[in-house]
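Q: I would like to go through the charged pairs in this protein. Could we take them one at a time?

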Amino acid sequence: MDTRAAIPVSLPRANPTTSYWQDPPDSQLSDYLSSSSVPEIADVVIIGSGITGAGIAWNLLGGEDGVHTPKNQEKVVMLEARQACSGATGRNGGHTKAASYRTFLTNSSISLLTAKKIARLEYATIKAVHAFAAEHKIPCDSWIGDTVDIVYDKQQWEASLRGIEAIREVFKGEQDESTVGRYNIWSAEEARDRFYVDGKDVVGAVSYEAGSLSAYKFVIGVLKLCLEKGLELYTRTPATKVSRGNDGLWDIETPRGNIKAKKVVLATNGYTAFLNTGFQGSIVPLRGQITAHRPGRNMPSEGLPGTYSFIYSNGYEYMIPRPPGSKYAGDIVIGGGLVKADEEGLYEFGETDDTSVNPVISKYLTETTPRLFGQRWGEDDKEGRVRREWTGIMGYSSDGFPFVGEVEGDQNKGLYVCASFQGHGMVLCWLCAKALVGIMREKDKDEELEWFPDVFRVSGERMKRRFEGRLNTKVDEVDGSS
(Lines give C-alpha, C1' and ligand atoms only; values in the text may rest on other atoms or scores of the structure.)
Protein backbone atom coordinates (compact mmCIF):
# COMPACT_ATOMS: atom_id res chain seq x y z
CA MET A 1 0.00 0.00 0.00
CA ASP A 2 2.92 2.38 0.66
CA THR A 3 3.87 2.18 -3.02
CA ARG A 4 0.34 2.93 -4.19
CA ALA A 5 -0.05 5.85 -1.74
CA ALA A 6 3.22 7.36 -3.00
CA ILE A 7 2.12 7.59 -6.66
CA PRO A 8 2.15 11.30 -7.59
CA VAL A 9 -1.43 12.55 -7.96
CA SER A 10 -2.38 13.96 -11.35
CA LEU A 11 -4.90 16.47 -12.60
CA PRO A 12 -8.27 15.00 -13.64
CA ARG A 13 -7.86 13.14 -16.95
CA ALA A 14 -9.36 14.39 -20.18
CA ASN A 15 -12.19 12.40 -21.79
CA PRO A 16 -13.38 10.33 -18.80
CA THR A 17 -15.88 7.51 -19.09
CA THR A 18 -19.38 8.90 -19.59
CA SER A 19 -21.33 8.91 -16.36
CA TYR A 20 -24.95 7.72 -16.44
CA TRP A 21 -25.90 11.00 -14.74
CA GLN A 22 -24.13 13.25 -17.24
CA ASP A 23 -25.71 11.84 -20.37
CA PRO A 24 -26.41 14.38 -21.62
CA PRO A 25 -24.47 17.03 -19.67
CA ASP A 26 -26.34 20.18 -18.67
CA SER A 27 -26.55 22.41 -21.74
CA GLN A 28 -26.18 25.65 -19.78
CA LEU A 29 -23.48 24.88 -17.24
CA SER A 30 -21.37 21.97 -18.44
CA ASP A 31 -18.86 24.22 -20.27
CA TYR A 32 -19.73 27.51 -18.58
CA LEU A 33 -17.26 30.39 -18.61
CA SER A 34 -18.00 33.66 -16.83
CA SER A 35 -15.54 35.31 -19.25
CA SER A 36 -12.84 34.31 -21.70
CA SER A 37 -10.08 34.73 -19.10
CA VAL A 38 -10.01 34.48 -15.33
CA PRO A 39 -10.02 37.69 -13.26
CA GLU A 40 -6.72 39.04 -11.99
CA ILE A 41 -7.81 39.05 -8.35
CA ALA A 42 -10.48 37.49 -6.15
CA ASP A 43 -11.30 37.25 -2.47
CA VAL A 44 -11.79 33.47 -2.59
CA VAL A 45 -10.92 30.93 -5.26
CA ILE A 46 -12.65 27.56 -4.91
CA ILE A 47 -11.01 24.74 -6.85
CA GLY A 48 -13.52 22.02 -7.66
CA SER A 49 -17.19 22.18 -8.70
CA GLY A 50 -18.67 19.11 -7.02
CA ILE A 51 -21.08 19.11 -4.11
CA THR A 52 -18.38 20.35 -1.74
CA GLY A 53 -17.32 23.29 -3.90
CA ALA A 54 -20.94 24.17 -4.66
CA GLY A 55 -21.85 24.05 -0.96
CA ILE A 56 -18.90 26.29 -0.06
CA ALA A 57 -19.82 28.79 -2.76
CA TRP A 58 -23.45 28.85 -1.62
CA ASN A 59 -22.50 29.60 1.97
CA LEU A 60 -19.86 32.18 1.05
CA LEU A 61 -22.37 34.03 -1.13
CA GLY A 62 -24.98 34.41 1.56
CA GLY A 63 -26.64 31.03 1.76
CA GLU A 64 -30.27 31.29 2.76
CA ASP A 65 -30.31 35.05 3.33
CA GLY A 66 -32.35 35.56 0.18
CA VAL A 67 -29.95 38.05 -1.38
CA HIS A 68 -29.71 37.50 -5.12
CA THR A 69 -28.03 40.78 -6.07
CA PRO A 70 -24.72 40.78 -4.24
CA LYS A 71 -23.53 44.05 -2.71
CA ASN A 72 -20.23 44.54 -0.89
CA GLN A 73 -19.66 40.82 -0.64
CA GLU A 74 -16.65 38.69 -1.44
CA LYS A 75 -15.66 38.05 -5.03
CA VAL A 76 -15.83 34.27 -5.31
CA VAL A 77 -14.32 32.41 -8.28
CA MET A 78 -14.67 28.68 -8.95
CA LEU A 79 -12.28 26.72 -11.17
CA GLU A 80 -13.05 23.29 -12.61
CA ALA A 81 -10.53 21.23 -14.60
CA ARG A 82 -13.18 19.56 -16.77
CA GLN A 83 -16.90 20.12 -17.21
CA ALA A 84 -19.00 21.34 -14.29
CA CYS A 85 -19.49 18.63 -11.64
CA SER A 86 -17.55 16.08 -13.67
CA GLY A 87 -15.62 14.58 -10.76
CA ALA A 88 -16.72 12.18 -8.02
CA THR A 89 -20.06 13.91 -7.33
CA GLY A 90 -21.19 13.61 -10.94
CA ARG A 91 -20.04 10.01 -11.09
CA ASN A 92 -21.34 8.49 -7.84
CA GLY A 93 -24.51 6.49 -7.18
CA GLY A 94 -26.46 9.35 -5.60
CA HIS A 95 -26.98 7.38 -2.39
CA THR A 96 -27.78 9.60 0.63
CA LYS A 97 -27.20 6.81 3.11
CA ALA A 98 -25.37 7.01 6.43
CA ALA A 99 -25.14 3.46 7.90
CA SER A 100 -23.89 5.14 11.09
CA TYR A 101 -24.30 1.94 13.11
CA ARG A 102 -21.40 0.38 11.18
CA THR A 103 -18.88 2.96 12.41
CA PHE A 104 -20.41 4.02 15.72
CA LEU A 105 -18.35 1.70 17.95
CA THR A 106 -15.09 2.60 16.21
CA ASN A 107 -15.87 6.29 16.51
CA SER A 108 -16.85 5.80 20.16
CA SER A 109 -13.34 4.51 20.84
CA ILE A 110 -12.16 8.08 20.15
CA SER A 111 -14.92 9.50 22.32
CA LEU A 112 -18.65 9.06 22.72
CA LEU A 113 -19.14 12.74 21.87
CA THR A 114 -17.26 12.25 18.60
CA ALA A 115 -19.40 9.26 17.65
CA LYS A 116 -22.61 11.15 18.41
CA LYS A 117 -21.51 14.22 16.45
CA ILE A 118 -20.62 12.15 13.38
CA ALA A 119 -23.89 10.18 13.46
CA ARG A 120 -25.91 13.37 13.84
CA LEU A 121 -23.98 15.11 11.06
CA GLU A 122 -24.57 12.22 8.66
CA TYR A 123 -28.31 12.13 9.31
CA ALA A 124 -28.61 15.93 9.26
CA THR A 125 -26.81 16.04 5.91
CA ILE A 126 -29.32 13.64 4.38
CA LYS A 127 -32.21 15.78 5.55
CA ALA A 128 -30.52 19.05 4.56
CA VAL A 129 -29.69 17.96 1.00
CA HIS A 130 -33.20 16.72 0.22
CA ALA A 131 -34.81 19.72 1.94
CA PHE A 132 -32.63 22.09 -0.10
CA ALA A 133 -33.61 20.34 -3.32
CA ALA A 134 -37.31 20.64 -2.40
CA GLU A 135 -37.13 24.26 -1.24
CA HIS A 136 -35.30 25.44 -4.34
CA LYS A 137 -37.21 23.16 -6.70
CA ILE A 138 -34.09 21.50 -8.07
CA PRO A 139 -35.19 18.67 -10.42
CA CYS A 140 -32.81 15.96 -9.23
CA ASP A 141 -35.06 12.89 -8.71
CA SER A 142 -34.95 13.36 -4.95
CA TRP A 143 -36.33 10.32 -3.09
CA ILE A 144 -36.56 9.66 0.67
CA GLY A 145 -37.51 6.28 2.08
CA ASP A 146 -35.96 3.21 3.67
CA THR A 147 -32.73 1.53 2.69
CA VAL A 148 -31.69 -2.01 3.61
CA ASP A 149 -28.33 -3.62 4.31
CA ILE A 150 -28.38 -7.30 3.34
CA VAL A 151 -25.64 -9.04 5.34
CA TYR A 152 -24.00 -12.26 4.13
CA ASP A 153 -21.31 -12.78 6.78
CA LYS A 154 -21.89 -13.93 10.37
CA GLN A 155 -19.15 -11.76 11.88
CA GLN A 156 -20.40 -8.71 10.00
CA TRP A 157 -23.92 -9.50 11.25
CA GLU A 158 -22.82 -9.78 14.86
CA ALA A 159 -20.86 -6.52 14.55
CA SER A 160 -23.96 -4.88 13.05
CA LEU A 161 -26.10 -5.93 16.00
CA ARG A 162 -23.51 -4.60 18.44
CA GLY A 163 -23.41 -1.29 16.63
CA ILE A 164 -27.20 -0.99 16.58
CA GLU A 165 -27.44 -1.84 20.26
CA ALA A 166 -24.82 0.79 21.11
CA ILE A 167 -26.38 3.56 19.03
CA ARG A 168 -29.86 2.81 20.37
CA GLU A 169 -28.62 2.93 23.95
CA VAL A 170 -26.72 6.19 23.48
CA PHE A 171 -29.62 8.02 21.83
CA LYS A 172 -32.32 6.50 24.05
CA GLY A 173 -34.66 9.18 25.31
CA GLU A 174 -33.17 11.85 23.07
CA GLN A 175 -34.87 13.51 20.12
CA ASP A 176 -32.48 11.60 17.84
CA GLU A 177 -33.81 8.23 19.00
CA SER A 178 -36.42 7.99 16.24
CA THR A 179 -34.10 9.31 13.52
CA VAL A 180 -30.39 8.62 14.03
CA GLY A 181 -31.19 5.60 16.21
CA ARG A 182 -34.07 4.10 14.22
CA TYR A 183 -33.17 0.65 12.86
CA ASN A 184 -35.31 -2.34 11.94
CA ILE A 185 -33.75 -5.81 12.10
CA TRP A 186 -34.87 -8.60 9.75
CA SER A 187 -34.14 -12.31 9.78
CA ALA A 188 -32.79 -14.07 6.69
CA GLU A 189 -36.25 -15.37 5.84
CA GLU A 190 -37.84 -11.96 6.32
CA ALA A 191 -35.12 -10.37 4.17
CA ARG A 192 -35.76 -12.81 1.35
CA ASP A 193 -39.51 -12.24 1.39
CA ARG A 194 -39.52 -8.47 1.91
CA PHE A 195 -36.56 -7.42 -0.22
CA TYR A 196 -36.74 -9.98 -3.07
CA VAL A 197 -33.18 -11.25 -2.56
CA ASP A 198 -31.97 -14.81 -3.05
CA GLY A 199 -31.79 -15.74 0.62
CA LYS A 200 -29.65 -18.88 0.64
CA ASP A 201 -26.53 -17.05 1.91
CA VAL A 202 -28.23 -14.20 3.77
CA VAL A 203 -27.62 -13.97 7.53
CA GLY A 204 -29.94 -11.02 8.20
CA ALA A 205 -30.83 -7.48 7.19
CA VAL A 206 -31.07 -4.00 8.68
CA SER A 207 -33.32 -1.21 7.35
CA TYR A 208 -33.40 2.49 8.20
CA GLU A 209 -34.04 5.92 6.69
CA ALA A 210 -32.03 7.06 3.67
CA GLY A 211 -32.55 8.51 0.21
CA SER A 212 -31.26 8.93 -3.32
CA LEU A 213 -30.98 11.61 -5.96
CA SER A 214 -29.01 12.60 -9.01
CA ALA A 215 -26.09 14.32 -7.30
CA TYR A 216 -25.09 15.78 -10.66
CA LYS A 217 -28.46 17.48 -11.19
CA PHE A 218 -28.49 18.64 -7.57
CA VAL A 219 -25.11 20.34 -7.88
CA ILE A 220 -25.97 21.87 -11.25
CA GLY A 221 -29.01 23.37 -9.55
CA VAL A 222 -26.91 24.75 -6.67
CA LEU A 223 -24.36 26.22 -9.08
CA LYS A 224 -27.11 28.01 -11.00
CA LEU A 225 -28.30 29.58 -7.74
CA CYS A 226 -24.72 30.59 -6.95
CA LEU A 227 -24.29 32.25 -10.35
CA GLU A 228 -27.36 34.35 -9.55
CA LYS A 229 -25.61 35.43 -6.36
CA GLY A 230 -22.43 36.50 -8.13
CA LEU A 231 -20.28 33.38 -8.43
CA GLU A 232 -17.81 33.40 -11.34
CA LEU A 233 -17.43 29.89 -12.78
CA TYR A 234 -14.70 28.72 -15.13
CA THR A 235 -14.99 25.16 -16.44
CA ARG A 236 -12.24 23.41 -18.38
CA THR A 237 -9.89 25.69 -16.46
CA PRO A 238 -7.61 23.58 -14.28
CA ALA A 239 -5.58 25.14 -11.51
CA THR A 240 -2.10 23.92 -12.45
CA LYS A 241 -0.21 25.48 -9.55
CA VAL A 242 -1.10 27.17 -6.25
CA SER A 243 1.61 29.10 -4.39
CA ARG A 244 1.85 31.93 -1.87
CA GLY A 245 3.42 35.13 -3.14
CA ASN A 246 5.65 37.57 -1.29
CA ASP A 247 2.66 39.91 -1.05
CA GLY A 248 0.83 37.39 1.15
CA LEU A 249 -1.71 36.59 -1.57
CA TRP A 250 -2.14 33.24 -3.25
CA ASP A 251 -1.15 32.85 -6.90
CA ILE A 252 -3.26 30.39 -8.88
CA GLU A 253 -1.99 29.49 -12.34
CA THR A 254 -4.46 28.38 -15.03
CA PRO A 255 -4.47 28.06 -18.83
CA ARG A 256 -6.81 31.09 -18.93
CA GLY A 257 -4.50 33.34 -16.95
CA ASN A 258 -3.40 33.69 -13.35
CA ILE A 259 -5.43 34.84 -10.35
CA LYS A 260 -4.36 36.35 -7.07
CA ALA A 261 -6.58 35.49 -4.11
CA LYS A 262 -6.75 36.22 -0.40
CA LYS A 263 -8.02 32.71 0.25
CA VAL A 264 -7.96 29.44 -1.68
CA VAL A 265 -10.18 26.42 -1.01
CA LEU A 266 -9.18 22.98 -2.27
CA ALA A 267 -12.49 21.18 -2.82
CA THR A 268 -10.57 18.64 -4.85
CA ASN A 269 -11.16 15.37 -2.98
CA GLY A 270 -8.92 12.63 -4.43
CA TYR A 271 -6.94 15.11 -6.52
CA THR A 272 -5.89 17.34 -3.60
CA ALA A 273 -2.23 16.25 -3.45
CA PHE A 274 -1.65 17.49 -7.01
CA LEU A 275 -1.96 21.08 -5.77
CA ASN A 276 -0.55 20.58 -2.28
CA THR A 277 2.03 17.83 -1.92
CA GLY A 278 1.61 17.92 1.86
CA PHE A 279 -1.42 15.71 1.25
CA GLN A 280 0.53 13.15 -0.77
CA GLY A 281 -0.11 9.85 1.00
CA SER A 282 -2.62 11.33 3.43
CA ILE A 283 -5.36 11.81 0.82
CA VAL A 284 -5.06 8.89 -1.58
CA PRO A 285 -7.14 8.57 -4.77
CA LEU A 286 -9.19 5.41 -5.22
CA ARG A 287 -10.95 4.57 -8.46
CA GLY A 288 -14.50 3.34 -8.00
CA GLN A 289 -16.66 1.60 -10.59
CA ILE A 290 -20.42 1.63 -11.22
CA THR A 291 -22.88 0.02 -13.62
CA ALA A 292 -26.49 0.81 -14.46
CA HIS A 293 -28.61 -2.29 -15.14
CA ARG A 294 -31.94 -2.51 -16.90
CA PRO A 295 -34.26 -4.50 -14.60
CA GLY A 296 -34.78 -8.22 -15.18
CA ARG A 297 -38.18 -9.38 -16.45
CA ASN A 298 -39.24 -10.88 -13.09
CA MET A 299 -38.45 -7.83 -10.98
CA PRO A 300 -41.54 -6.24 -9.38
CA SER A 301 -43.33 -3.83 -11.73
CA GLU A 302 -43.96 -1.43 -8.85
CA GLY A 303 -40.22 -1.28 -8.23
CA LEU A 304 -38.04 -2.40 -5.33
CA PRO A 305 -38.95 -1.16 -1.83
CA GLY A 306 -35.92 1.11 -1.44
CA THR A 307 -32.16 1.30 -1.84
CA TYR A 308 -29.78 -1.49 -0.85
CA SER A 309 -26.29 -2.40 0.29
CA PHE A 310 -24.93 -5.95 0.18
CA ILE A 311 -22.35 -6.59 2.90
CA TYR A 312 -19.96 -9.53 2.97
CA SER A 313 -16.82 -10.40 4.93
CA ASN A 314 -14.43 -7.81 3.50
CA GLY A 315 -16.44 -5.52 1.26
CA TYR A 316 -19.81 -4.42 -0.02
CA GLU A 317 -21.84 -3.25 -2.99
CA TYR A 318 -24.48 -0.51 -2.99
CA MET A 319 -27.57 -0.40 -5.16
CA ILE A 320 -29.98 2.39 -6.03
CA PRO A 321 -33.16 1.63 -8.01
CA ARG A 322 -34.17 4.65 -10.09
CA PRO A 323 -37.43 6.03 -8.65
CA PRO A 324 -40.73 6.40 -10.52
CA GLY A 325 -40.86 9.48 -12.70
CA SER A 326 -37.10 9.60 -13.29
CA LYS A 327 -35.31 8.93 -16.56
CA TYR A 328 -34.95 5.15 -16.95
CA ALA A 329 -37.19 4.56 -13.92
CA GLY A 330 -36.61 1.04 -12.58
CA ASP A 331 -32.97 0.88 -13.64
CA ILE A 332 -30.66 -0.47 -10.94
CA VAL A 333 -27.46 1.48 -10.33
CA ILE A 334 -24.95 -0.75 -8.57
CA GLY A 335 -21.38 0.02 -7.61
CA GLY A 336 -18.53 -1.56 -5.70
CA GLY A 337 -16.71 -4.80 -6.43
CA LEU A 338 -13.34 -3.37 -5.39
CA VAL A 339 -12.18 -6.40 -3.39
CA LYS A 340 -13.00 -8.72 -6.29
CA ALA A 341 -10.13 -7.22 -8.30
CA ASP A 342 -6.53 -8.43 -8.07
CA GLU A 343 -5.13 -8.30 -4.52
CA GLU A 344 -8.49 -7.04 -3.22
CA GLY A 345 -8.35 -3.94 -5.38
CA LEU A 346 -4.86 -2.81 -4.36
CA TYR A 347 -4.11 -1.38 -7.80
CA GLU A 348 -7.16 0.88 -7.77
CA PHE A 349 -5.50 2.91 -4.98
CA GLY A 350 -3.43 5.82 -6.28
CA GLU A 351 -5.30 5.56 -9.60
CA THR A 352 -6.65 8.75 -11.21
CA ASP A 353 -7.56 7.27 -14.59
CA ASP A 354 -11.35 7.46 -14.92
CA THR A 355 -11.11 7.16 -18.71
CA SER A 356 -11.24 3.35 -18.45
CA VAL A 357 -12.70 0.53 -16.35
CA ASN A 358 -11.21 -2.50 -14.62
CA PRO A 359 -12.37 -5.54 -16.63
CA VAL A 360 -12.36 -7.85 -13.60
CA ILE A 361 -14.67 -5.52 -11.69
CA SER A 362 -16.77 -5.05 -14.85
CA LYS A 363 -17.39 -8.78 -15.07
CA TYR A 364 -18.25 -9.01 -11.39
CA LEU A 365 -20.67 -6.05 -11.39
CA THR A 366 -22.32 -7.26 -14.60
CA GLU A 367 -23.10 -10.60 -12.93
CA THR A 368 -24.20 -9.07 -9.62
CA THR A 369 -27.93 -8.50 -10.07
CA PRO A 370 -29.01 -12.04 -11.10
CA ARG A 371 -26.72 -13.45 -8.42
CA LEU A 372 -28.30 -11.29 -5.73
CA PHE A 373 -31.91 -11.71 -6.80
CA GLY A 374 -31.78 -15.29 -8.15
CA GLN A 375 -34.93 -16.43 -9.97
CA ARG A 376 -36.63 -13.17 -9.06
CA TRP A 377 -34.37 -11.43 -11.56
CA GLY A 378 -35.63 -13.38 -14.57
CA GLU A 379 -34.53 -12.90 -18.15
CA ASP A 380 -32.52 -9.82 -19.02
CA ASP A 381 -34.09 -6.93 -20.86
CA LYS A 382 -34.06 -7.48 -24.62
CA GLU A 383 -31.68 -4.50 -24.99
CA GLY A 384 -29.18 -6.08 -22.60
CA ARG A 385 -28.52 -6.05 -18.89
CA VAL A 386 -26.00 -3.19 -18.63
CA ARG A 387 -27.08 0.19 -19.90
CA ARG A 388 -23.88 2.01 -18.91
CA GLU A 389 -20.64 1.55 -17.00
CA TRP A 390 -18.23 4.19 -15.71
CA THR A 391 -15.57 5.02 -13.15
CA GLY A 392 -14.80 7.91 -10.81
CA ILE A 393 -12.05 8.99 -8.44
CA MET A 394 -12.70 9.15 -4.70
CA GLY A 395 -10.41 10.39 -1.91
CA TYR A 396 -9.44 8.37 1.18
CA SER A 397 -7.53 9.51 4.26
CA SER A 398 -5.22 7.67 6.62
CA ASP A 399 -7.70 7.79 9.52
CA GLY A 400 -10.98 7.43 7.64
CA PHE A 401 -12.14 11.02 8.20
CA PRO A 402 -12.40 14.06 5.90
CA PHE A 403 -9.95 16.97 6.07
CA VAL A 404 -11.84 20.20 6.75
CA GLY A 405 -10.17 23.48 7.69
CA GLU A 406 -7.12 25.67 7.19
CA VAL A 407 -3.82 23.96 6.42
CA GLU A 408 -1.43 24.41 9.31
CA GLY A 409 1.64 26.65 9.18
CA ASP A 410 2.27 30.35 8.56
CA GLN A 411 3.21 29.57 4.96
CA ASN A 412 -0.29 28.13 4.43
CA LYS A 413 -2.32 30.97 5.92
CA GLY A 414 -5.43 31.42 3.81
CA LEU A 415 -5.21 27.92 2.27
CA TYR A 416 -8.23 25.76 3.14
CA VAL A 417 -9.19 22.22 2.29
CA CYS A 418 -12.48 20.34 2.34
CA ALA A 419 -11.78 16.91 0.89
CA SER A 420 -11.28 13.17 1.36
CA PHE A 421 -14.79 11.85 1.94
CA GLN A 422 -14.08 8.09 1.86
CA GLY A 423 -16.69 7.35 -0.82
CA HIS A 424 -19.23 8.63 1.73
CA GLY A 425 -19.54 12.20 0.49
CA MET A 426 -23.29 12.38 0.02
CA VAL A 427 -23.75 12.28 3.81
CA LEU A 428 -20.72 14.42 4.65
CA CYS A 429 -19.95 17.06 2.02
CA TRP A 430 -22.90 19.44 2.34
CA LEU A 431 -22.50 20.17 6.04
CA CYS A 432 -18.70 19.94 5.91
CA ALA A 433 -18.87 22.74 3.33
CA LYS A 434 -21.00 24.78 5.72
CA ALA A 435 -18.53 24.12 8.55
CA LEU A 436 -15.58 25.16 6.40
CA VAL A 437 -17.15 28.53 5.66
CA GLY A 438 -17.76 28.90 9.39
CA ILE A 439 -14.07 28.18 10.02
CA MET A 440 -13.07 30.70 7.32
CA ARG A 441 -15.20 33.32 9.06
CA GLU A 442 -13.88 32.37 12.52
CA LYS A 443 -17.28 31.25 13.76
CA ASP A 444 -15.46 28.94 16.19
CA LYS A 445 -15.01 31.93 18.45
CA ASP A 446 -18.80 32.28 18.69
CA GLU A 447 -19.25 28.56 19.45
CA GLU A 448 -21.35 28.23 16.31
CA LEU A 449 -19.54 25.07 15.24
CA GLU A 450 -20.00 22.97 18.37
CA TRP A 451 -21.88 20.43 16.23
CA PHE A 452 -18.85 19.79 14.00
CA PRO A 453 -16.59 16.81 14.83
CA ASP A 454 -13.08 17.92 15.80
CA VAL A 455 -11.61 14.75 14.24
CA PHE A 456 -12.50 16.17 10.79
CA ARG A 457 -10.32 19.24 11.24
CA VAL A 458 -7.00 19.54 9.41
CA SER A 459 -3.87 18.96 11.47
CA GLY A 460 -0.24 18.33 10.72
CA GLU A 461 -0.36 15.17 12.81
CA ARG A 462 -3.21 13.75 10.71
CA MET A 463 -1.38 14.61 7.49
CA LYS A 464 1.65 12.57 8.60
CA ARG A 465 -0.22 9.34 9.36
CA ARG A 466 0.62 6.29 7.27
CA PHE A 467 -2.07 5.28 4.79
CA GLU A 468 -3.22 1.67 5.14
CA GLY A 469 -6.27 1.50 2.88
CA ARG A 470 -10.02 1.79 3.32
CA LEU A 471 -11.25 1.73 6.89
CA ASN A 472 -14.67 0.70 8.24
CA THR A 473 -15.26 -2.05 5.67
CA LYS A 474 -14.33 -5.02 7.84
CA VAL A 475 -15.73 -6.30 11.13
CA ASP A 476 -15.46 -3.75 13.92
CA GLU A 477 -12.19 -4.18 15.79
CA VAL A 478 -13.24 -2.40 18.96
CA ASP A 479 -13.97 -5.58 20.90
CA GLY A 480 -11.50 -7.85 19.14
CA SER A 481 -13.97 -9.64 16.88
CA SER A 482 -12.11 -9.30 13.59
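Q: Which residues are linked with Lys116 in a network of salt bridges?
A: In this predicted model, the network joins Lys116 with Arg120, Glu174 and Asp176.

Q: And how many salt bridges are there in the whole structure?
A: The search finds 30 salt bridges.

Q: What lets such side chains pair in general?
A: Opposite charges can pair when the charged atoms come close.

Q: Let us move to aspartate 2. Which residue forms a salt bridge with aspartate 2?
A: Arginine 466 does, and the closest N and O atoms of the pair are 3.0 Å apart. The two residues are 464 residues apart and link distant parts of the chain. Aspartate 2 belongs to helix α1, residues 2-5, while arginine 466 is in the segment after α11, which covers 460-463.

Q: Is that pair buried or exposed?
A: Aspartate 2 is partly exposed, at 42% relative accessibility. Arginine 466 has a relative accessible area of 51%, and it counts as exposed because the cut-off is over 50%.

Q: What about glutamate 74, which residue forms a salt bridge with it?
A: Glutamate 74 pairs with arginine 441, with 3.6 Å between the closest N and O atoms. Arginine 441 sits in the loop between α10 (429-440) and α11, and glutamate 74 in the loop between α2 (51-60) and β2 (76-79), so this salt bridge ties together parts 367 residues apart in sequence.

Q: How accessible are those two?
A: Arginine 441 is partly exposed at 39% relative accessibility. Glutamate 74 is partly exposed as well, with a relative accessible area of 27%.

Q: Which residue does arginine 465 meet in a salt bridge?
A: The side chain of arginine 465 meets that of glutamate 461, at 2.8 Å from N to O. Arginine 465 has a relative accessible area of 35% and is partly exposed. Glutamate 461, at 49% relative accessibility, also counts as partly exposed; that is because exposed requires over 50%.

Q: Changing topic: where does serine 35 lie?
A: Serine 35 is in the loop between α1 and β1, the latter being residues 41-47. Its relative accessible area is 31%, so serine 35 is partly exposed.

Q: What does the side chain of serine 35 reach?
A: It reaches the backbone oxygen of serine 37, at 2.6 Å.

Q: And how far is serine 35 from tyrosine 123?
A: Their C-alpha atoms are separated by 39 Å, and the two residues are 88 residues apart along the chain.

Definitions and conventions
Residues numbered from 1 in each chain as written. Predicted model: local features only at pLDDT ≥ 70, side-chain atom pairs only at ≥ 80, totals over all residues. Heavy atoms only, no water. Salt bridge = Lys/Arg side-chain N within 4 Å of Asp/Glu carboxyl O. Helix = DSSP H or I, 4+ residues; strand = E, 2+ residues; numbered from the N terminus. Buried < 20%, exposed > 50% of the residue type's maximum accessible area, 1.4 Å probe, protein only. Polar contact = N/O pair within 3.5 Å; in protein donor to acceptor, adjacent residues only side chain to side chain.
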